[in-house]
Number of protein chains: 2
Amino acid sequence: MTPPLPGQTSLVQGTFPELNPPYRLLLGPGPCNVDPRVLRAASAPQLGHLDPFLLDMLGTIADQLRQVFQTQNELTLCVSGSGFAGAEAVLCNLLEEGDTLIAGSLGFFSGKIAEIAQRIGAHVILVESEPGQPLDPQQVAAAFARHPEAKLFATAIAETSTGLLQPLEELEQITHAHEALFVVDAVSGLGGIPINIEQMKIDACYAGSQKCLGALPGLAPVTLNAHAVEVIKRRRRPVQSYYLDLLALQRYWNGDHAYHHTACSNLLFAMHEALRIVLEEGLETRWQRHRLHGQALRAGLQTLGLTLLPRPGYELPVLTAVNLPPSVSENQLRQQLLTAYGIEVGGGLGSLKGHLLRIGLMGYNACRKNVETVLAALEQLLPSYGWPVQAGAALSAAATVYSQEDQASGHA
Amino acid sequence: MTPPLPGQTSLVQGTFPELNPPYRLLLGPGPCNVDPRVLRAASAPQLGHLDPFLLDMLGTIADQLRQVFQTQNELTLCVSGSGFAGAEAVLCNLLEEGDTLIAGSLGFFSGKIAEIAQRIGAHVILVESEPGQPLDPQQVAAAFARHPEAKLFATAIAETSTGLLQPLEELEQITHAHEALFVVDAVSGLGGIPINIEQMKIDACYAGSQKCLGALPGLAPVTLNAHAVEVIKRRRRPVQSYYLDLLALQRYWNGDHAYHHTACSNLLFAMHEALRIVLEEGLETRWQRHRLHGQALRAGLQTLGLTLLPRPGYELPVLTAVNLPPSVSENQLRQQLLTAYGIEVGGGLGSLKGHLLRIGLMGYNACRKNVETVLAALEQLLPSYGWPVQAGAALSAAATVYSQEDQASGHA
């Protein structure tokens, strides 16, 4: 016997038309368009989260991720959530209420480290840089001197709100000199810029699926070394989150596969295929590709008379943050790119809102065609804002970068 | 300038063959196979998480969910995670450290409410039922009498570890008589059994995407009424989780769409299409369909001489928990179903491990073909375990249920 059905009158029902999403060229801070192979892989019929085939696949993905992260770390897996879920997983497993961390904020995204840690109940010591500037290692050293009890230092290698590439070497040395954990946000970097967990002595790292790895959103790769795992094992209180408990996830992924949650087979299919593509291309070739197209884009943008936000020498290859002249409406320009060209780019966040374009060339999208497409669109659109451009100059500047590269690699 | 590439020698790289996942008939506790329309919708090229088309779609999905939940609740959205992420979102937003909740545990899944709340730092008063038995309202009333400070009572309407349908009416009355919040886990029920948030006076409810709604895993629908939202707004401390902060998610979904996290467009496409299918069928028709096929399955299983775990009258239509005779190895039988038939069914959890089959008929999978397929497979397999069956009897018992239904509805 089942409960009686409620009366028809209580049911309010409408019909909804089918969805026909437009095609967008995703040149913002991620997601990027994925290789068609990835969507094809993702559309396979589902598997249960405890199917032996799926459990084997978890082991394969963990192995693929170890190669991409360049680590032997046993605890290497995906959290079922976005990059922020990965950040929260790492932070809420490593930190307990009352613990001190030093958070290196470079802008909106690495700034979230402080917010996440504060909610956990940790004592946050914030070290900030100006927009587009890297962290000052002296300030981090000073924070450690004032707070020798700090349990960890965390920052991002790739801050996409300002297009900044943060050098890590000095920060790592300072952190480990104080016997704290070195935690790195690689959400936008992994698969696009050199990241080598063991060489860089990173204790815990989290990444994003939908950026330079070229998978779908919804899975956050994380890796922790034995020292970080030991810190979790020595906690006084259980991790505050069931969903993000890394040792339980580790058991599901790389242990006896004890049920923890329903992982989505189709996102895992996509991740597996994306990582195959990364490893088929090869990490160095892939980093070099992202570097080349980022360089060509910057050359073109500067030829349009635009300036870049990050300090010279610290430009992130995979995302370029370009300042807009006062006469150009960020909102209107992005709107035009979206509606007239079907191109998505990012805008400024927080205090940078209204003054910035953030153009991403990530994963499958890091190619010459896209560099030329976005430069050509800007060349057509900018004059209507009273910003004169020399016809063809931007594409020509990009072409010069490509031909220099060809010569350097002996293909010319 | 980008950092120098590390030496080739540091890179360990392997190749990975393409994945060819087997086709499984998913007759476990979820995920279920989805309507082919859902996989097709999910394979559309991605959209950014702030794309105007995607933001419109969020509004549409929220409207669809309001119809499926039968509520006008403004705070109706999907958390980007599994059903447990939905559970944790509801509990960690409503509860603060030191708050008391009464947790009604019917088995493995509703039992997780207690674990999640304990990790949050809440004071958990556990009321448990024996496997397959509903909660005793007297015990819940007694718990409230001992703990009048209890802030909320939470249990599940559909406990899939035991195949139990939990009546809610008395529990709701007791809870509200004590001015506590009435929180319901509908992970496995929504879209398959009658759930009407407003009629049932549920203050907060969370569901799963991959069960009777027939979408892909990775999104957890939640709905909270104004009273529950008010409880969140009056918190003394911020919600411990950034990722699961419901008011921030509400702002992204139904407010000014301020960025919160990268929602996965493809899982949302799948959810939109799945909810279209639910509403095209109509809620009552869909509940009736799940009820009918559950009844036919139970009739067939009982004709095979098997007994059901739940107390008669409390059987969950969408998942049938059937006891195995001592001579039948659960593990081996499930293995045979999987390898020889490509059928996934669930097994026993915890103390029930080794003694139970859990057969789900959810969403697209709730149909006569699947009832007959699994009954026929069991009829073939059981005799090899020394459990004699009468050839054709199970299918015949199921057919009787179908013909009675046809007669009752005038189609015979």
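Why does B:C78 form no bond with the closest cysteine sulfur? The sulfur of B:C78 is 12 Å from that sulfur, in B:C264, which is too far for a bond.

This is a predicted model: local features need pLDDT of at least 70, side-chain atom pairs count only at pLDDT 80 or more, and totals for chains, interfaces and linings use all residues. Residues are numbered from 1 along each chain as its sequence is written, chains are lettered from A in the order in which they are written, and side-chain values use heavy atoms, without hydrogens and water.

**Cysteines**

A disulfide is a pair of cysteine sulfur atoms within 2.5 Å. Over all chains, the count is zero. Buried means under 20% relative accessible area (1.4 Å probe, protein chains only).

| Cysteine | Closest cysteine sulfur | Relative accessibility |
|---|---|---|
| A:C264 | B:C264, 8.0 Å | 5%, buried |
| B:C78 | B:C264, 12 Å | 0%, buried |

**The sheet in chain A**

Strands are DSSP runs of E, at least two residues; helices are runs of H or I, at least four. Two strands pair if DSSP finds at least two bridges between them. Seven strands of chain A form an open, mixed sheet, ordered β2-β10-β9-β8-β5-β3-β4. Its edge strands are β2 (75-79) and β4 (123-128) of chain A. β2(A) pairs with β10(A) (residues 220-224) in the antiparallel sense, over five bridges. Here A:C78 stands opposite A:P221.

Helix α7 of chain A (residues 226-233) packs on the sheet, touching β2, β8 (181-186) and β10 of chain A. Contact means heavy atoms within 4.5 Å. Helix α8 of chain A (residues 246-254) also packs on the sheet, touching β2 and β10 of chain A.

How values were computed: Buried means under 20% relative accessible area, exposed over 50%, partly exposed in between (1.4 Å probe, protein chains only). Axes are lines fitted to C-alpha atoms, for helices over the stretch in contact, and angles run from 0 to 180 degrees between N-to-C directions.
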